[in-house]
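Me: I am new to this structure and would like to learn how its features are read. May we go through them one at a time?

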Amino acid sequence: MEGPQSISLLLLLLLLPLGPAWHVAAQRCPQMCICDNPRRHVACRHQNFTEVPNAIPELTQRLDLQGSKLKVIPAAAFRDLPHLTHLDLRHCGVELVAEGAFRGLGRLLLLNLASNRLSSLPQEALDGLGSLQRLELEGNRLEELRPGTFGALGALATLNLAHNALVYLPAMAFQGLTRMRWLRLAHNALSVLAPEALAGLPALRRLSLHHNELQALPGPALAQARALARLELGHNPFTYVGEEDGLALPGLRELMLDHGALQALDARAFARCPRLRSLDLRGNQLAALPPLRGPGQLRRLRLQGNPLWCGCEARPLLEWLARARVRSDGTCRGPRRLGGEALDALRPTDLRCPGDRAEEEEEAEWQAAARLRGPPGNPQEADGAARPCPRACVCAAESRHSGCESRGLWAVPRGFPSDTQLLDLRRNHFSSVPPAAFPGLGRLVSLHLQHCGLTELAAGALAGLGSLIYLYLSDNQLSGLSAAALEGAPRLGYLYLERNRFGQVPGAALRALPGLFSLHLQSNVVDRLEPGDLTGLPALRWLYLSGNRITQVSPGAIGPAPELEKLHLDRNQLQAVPTGALEGLPALLELQLSGNPLGGLADGAFRPVGGSLQHLFLNNSGLEQISPRAFLGLGPRLRSLHLQKNQLQAIPALPHLSQLELIDLSGNPFHCDCQLLPLHRWLMGLNLRVGATCATPPSAHGQRVKAATAVFETCPGWAARKAKWMPAPRSIARRTPMKG
């Protein structure tokens, strides 16, 4: 026997002894996981694995381990899965990624490590990921980035480092990322960027730096990213932007400087951004604005929320807006006859110039108030003398920062430079802050007093801090605050009081802060919210009350709060949704109620915020039942609904939630019988992963509700409507083996 036939027979004889072993390998699927054979997906969500499970089919391309308890990713943890393209490790409690943890994953495109506990990344933790295009590290505890950490990720296009604890970016922090297009650094504590921090990013098109503590525009660092088209710098405490800040970005199209502390803007601040088309300056302190020189393509100027003075001095601005055909949306604060008028509805001739005595007197009052606020700080002392700085402290002229962190101080030091904008006194031993503790610091924007053992802020402690916007009092022993203690800081917008000893909301003190934007009261011992506790705060946008002992939120405790967007009441002791307390919150976008012993949801539980709510968190809430009309009022605006890790055996269909982008039902013991058919039909119409699996009956255990068609085929009405909502068989995910 010769030729091709003999070769085929020989191969067959050689393979016969391996037949049973090969068949067993093909049947592999880890217990408690779902293996989707046609798409080569394996999902092991919220199964409390302490290590990467074995028996995952070798040809798996997408692996979802979200919600495990891995803690450590050891070296070569995925070496037996060389075909992986997507790996989801969110919410796994990961504290350490060992060097070489992902070696062998040369095809991986997406690695999601968001919402873990990483405080650092070893130098070679990400080696072997040469094809990776997207890396999610959002919501960790990263405090520093070492140059070279991302050096092996030559194909990376998106890096998300938002919601970490970064305070500084060193030179060459992103070396090797030559294809990076979007870098997300929002919601950190960045105050300094090294001049070469963004070097080596020739393809970077979008940079998100909003919600940090940058006191000045980091022009030298930004100049390294010359391909930037979109730059997000909102919610940083800038007070001034000038040409000397060095913003030179020839391709920049969109610039966000919204909701900061801007008091002045130089006419040539953006002279070296010739292609700038949209400039967002909303929510600052700009009373006047000069015609901008340089950005000749500017078409959109957003000024809403600034105290614009529409006197004679604003004529050049109006003339320029008309001449350059720039649309703007600002509103006049004064003079009185123009108060509330839209800027784009005015003509230059509407603005009166010298000769109107009443208006001149009002103008003089406004100018006097502006002089009291003072001009943007100058890094040099007025007489040219050496800058003062208390012993044991460091005062940086260039960044206008002064710091005495962890110096063992027992009293607040004095004698800082008068132009100081950020003062860091954390981790010292101040049992109290005395009256007038910060003399001569009228330009201070950010004050850090965390971990100081504080039990009291004396009346007048913040006297003279008229520019203060950020006050950090976290991790102290405060049990109360008086209005007199905060009177000297009328512009305070961000107040951090988490992890103190507050037994009730310091409502009277808060009402002394008309511009309060964000209030952090997490992890205190507040046990109830009474009527009026949080009213009288017209500018409040974010309210964080997580991790207290709240058993009751009375109607009228929060609203009316016309601007409130986020309300976090998770990890408290609420036994029902505080529906009455949601009245008067017309702008609420996000409601966090997870971790409360709710038990059930009554009819119309969220009706007061139905017209605005976009994100609703009800996970880990002990929910056993949901009324069919519980979500009445919530409609097309709702984008995400989190119901995971409850005790739900069934829930009603929710066809009116037509615009959902995410719904998580994982970790519930669903009973898959005909009563669940409406939910099954609804889920079949959603092009989303929902994580719902059957716990009972035994014949359906482990099957996805969305795919358990065999369970529902005997239900009345199945055949009549089958064609309308049943997908093609190839898209049904079954727990079947992957052929190897």
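Me: Is C44 buried or exposed?

Reply: Please note at the outset that this is a predicted model. A residue counts as buried when its relative accessible area is under 20%. C44 has a relative accessible area of 0%, so C44 is buried.

Me: To which residue does a disulfide join C44?

Reply: A disulfide is a covalent bond between the sulfur atoms of two cysteines. Here the partner of C44 is C33, with an S to S distance of 2.1 Å. The link of C33 and C44 is right-handed, with 115 degrees about the S-S bond. C33 belongs to the loop between α2 (19-26) and β1 (34-36), and C44 to the loop between β2 (41-43) and β3 (62-64), so the pair ties together parts that are eleven residues apart in sequence. C33 is buried as well, at a relative accessible area of 1%.

Me: How many disulfides does a search of the whole structure find?

Reply: The search finds seven disulfides. One of them is formed by C672 and C694, whose sulfur atoms are 2.0 Å apart.

Me: Why is the disulfide of C672 and C694 described as left-handed or right-handed?

Reply: The description rests on the torsion about the S-S bond. For C672 and C694 this torsion is about -90 degrees, so the disulfide is left-handed. C672 lies in the loop between β42 (670-671) and α8 (677-684), whereas C694 lies in strand β43 (residues 694-696), so the pair ties together parts that are 22 residues apart in sequence. C672 is buried, with a relative accessible area of 2%, and C694 counts as buried at 2% relative accessibility.

Me: What may be said of the disulfide that C674 and C715 form?

Reply: The sulfur atoms of C674 and C715 are 2.1 Å apart. The torsion about their S-S bond is about -95 degrees, so this disulfide is left-handed. The pair links distant parts of the chain, 41 residues apart: C674 is in the loop between β42 and α8, and C715 is in the loop between α9 (709-712) and α10 (718-725). C674 counts as partly exposed at 35% relative accessibility, whereas C715 counts as buried at 4%.

Me: Let us turn to a helix. Which residues of α4 are buried?

Reply: An α-helix has 3.6 residues a turn, so residues three or four places apart point the same way. In helix α4 (residues 315-324), the buried residues are L317, L318, W320 and L321. Seen down the axis of α4, its buried residues fall within an arc of 165 degrees, so they line one face of the helix.

Me: What covers the buried residues of α4, and which exposed residues does the face turned away from its buried side carry?

Reply: The cover of the buried residues includes β19 (300-302) and β21 (327-328). The face turned away from the buried side of α4 carries the exposed residues A322 and R323. Just after α4, R325 takes a positive phi of about 60 degrees.

Me: Finally, where does H259 lie?

Reply: H259 is found in the loop between β16 (254-256) and β17 (264-265). H259 counts as buried because its relative accessibility is 15%. Its side chain makes a polar contact with the side chain of D258, at 3.0 Å. Leaving aside residues up to four places away in sequence, H259 touches H235, N236, R282, G283, N284, Y494, F517 and R541.

Key. Residues numbered from 1 in each chain as written. Predicted model: local features only at pLDDT ≥ 70, side-chain atom pairs only at ≥ 80, totals over all residues. Heavy atoms only, no water. Helix = DSSP H or I, 4+ residues; strand = E, 2+ residues; numbered from the N terminus. Buried < 20%, exposed > 50% of the residue type's maximum accessible area, 1.4 Å probe, protein only. Polar contact = N/O pair within 3.5 Å; in protein donor to acceptor, adjacent residues only side chain to side chain. Contact = heavy atoms within 4.5 Å. Disulfide = S-S within 2.5 Å. Arc of directions from axis to C-beta.
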